[in-house]
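Thanks, everyone, for making the time. I would like to walk through a few local features of one model, and I will try to keep to what the coordinates support.

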Amino acid sequence: MIRLRKTIPIILIGGLVVTGLSGAFISCQKSRIEAQAPAQKQIYHCPMHPNYLSDKPGTCPICGMKLVPVNAPVAAPGPSGSKKERKVLYYRDAMNPSHISDKPGKAPDGMDLVPVYEDEAGGEAGAVKIDPTTVQNMGVTTETVAARSLKKEIHVSANIDLNETAISIVNTKIMGWVEKLYIDYTGQAVKKGQPLLEIYSPDLVSTQDEYLQAVRYLKNLPEGTSDNARKGAADLVESSKRRLLNWDIPESELAAIENRGTAKRTMTIFAPSNGVVLEKMVVAGQNVMPGMELYKVADLLEVWAIANVYQEDLPYVKIGTEA
């Protein structure tokens, strides 16, 4: 009896110890399992490229748009440090912000509707908020509204060139030699009708003599000369005169030759327009041939600006636009 009394308490105590250890082990295992249970992870994707996923908020590396959450919204910390669920105001189409819905789903263009939270919309359902990164990528600028006239300035590179309609080339139509230069250096300003140089030409002298002889013959015809003879003499005068005119001898010079009665040894070439001598290709004593360029004269009071305008700026450039 005494032995039984001593043995039973030992067994009972042992059982209590085993039971207590089992309970502690189960409690520890439960805490360990709860601690190891992963929390639901927030996934973000690009509205333009739904296949691009990220476990962190940010911007899409493909198009630069702000990543939006795919699954349930993440709880945001409250003022006291506690977490509260973000309130969804509405859903909108990322490509067409004017299309909104009070329920998630698909937009008419087939894209997923993106939730707009209260803290993103500034507390107003109609407010528009753009991510700063997107603003920077798009180059968006803002300015205070003011009443003023709208205009667009285009900055382009240009080359200042000659006005092609105000360029004159001075040449001669006869063969001869330069006897005198009135304009003898480049850059000299000239006026229309100003003498440039004098040319001696044997052909010119002989043609003037022919013209004078034809004029004298026509004037000295007797009164009884037939009409055919008078017509032949007049045709000879006209032929010689036309040849001199084709050599750029002015009518005033022909009248002076006729009044003087003697041929002029040299022919004077005059400036065809106002301007500046850009090129001088002749010197005194030089033999010149028909068609040879002697001077290049250009009017520099009006010049052209040859500008390179980009294609996207062409709609803003019109005839008469101030430059």
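**Salt bridges, a pocket and a few single residues**

Let me begin with glutamate 143 and arginine 148, whose side chains meet in a salt bridge with an N to O distance of 3.4 Å, and both of these residues are exposed. Please keep in mind throughout that this is a predicted model.

In general terms, side chains of opposite charge can pair when their charged atoms come close. How many salt bridges does a search of the whole structure find? The search gives nine, and I will describe two others here.

One of them joins the side chains of lysine 106 and aspartate 112, at 2.7 Å from N to O. Lysine 106 counts as exposed, because its relative accessibility is 56%, whereas aspartate 112, with a relative accessible area of 33%, is partly exposed.

Another is formed by the side chains of glutamate 258 and lysine 219, at 3.6 Å from N to O. This pair links distant parts of the chain, since glutamate 258 sits in helix 5 and lysine 219 in helix 3, which spans residues 202-219, with their positions 39 residues apart in the count. Glutamate 258 is partly exposed at 31% relative accessibility, while lysine 219 has a relative accessible area of 59% and is therefore exposed.

Turning to the loops, aspartate 248 has a positive phi of about 70°, although it is not a glycine. Aspartate 248 lies in the loop between helix 4 (227-246) and helix 5 (251-260), and its relative accessibility of 45% makes it partly exposed.

Leucine 300 belongs to the loop between strand 17 (293-298) and strand 18, and it is partly exposed, with a relative accessible area of 41%. From C-alpha to C-alpha, leucine 300 is 9.3 Å from isoleucine 167, although the two are 133 residues apart in sequence.

Now to the second largest pocket, which holds about 530 Å³ of space. Which residues lie nearest its centre? Of the 16 residues that line this pocket, they are Ile154, Val317, Thr321, Glu322 and Ala323. Sorted by class, the lining comprises nine nonpolar, two polar and five charged residues.

Val317 also appears in a nonpolar surface patch of about 400 Å², together with Val156, Val309, Leu314 and Tyr316. Within that patch, valine 309 is found in the segment after strand 18 (304-308), and with a relative accessible area of 30% it is partly exposed.

Notes: Residues numbered from 1 in each chain as written. Predicted model: local features only at pLDDT ≥ 70, side-chain atom pairs only at ≥ 80, totals over all residues. Heavy atoms only, no water. 1 Å grid on protein atoms, 1.4 Å probe; cavity = no way out; pocket = protein on both sides within 12 Å on 5 of 7 lines; lining within 4 Å. Points joined across faces, edges and corners; volume = space filled by probe spheres on them. Nonpolar A, V, L, I, M, F, W, Y, C, P; charged D, E, K, R; others polar. Patch = residues over 30% accessible without salt bridge, like charges linked within 9 Å, V, L, I, M, F, W, Y side chains within 5 Å. Areas by Shrake-Rupley, 256 points an atom, 1.4 Å probe, with all protein chains shown as cover. Salt bridge = Lys/Arg side-chain N within 4 Å of Asp/Glu carboxyl O. Helix = DSSP H or I, 4+ residues; strand = E, 2+ residues; numbered from the N terminus. Buried < 20%, exposed > 50% of the residue type's maximum accessible area, 1.4 Å probe, protein only.
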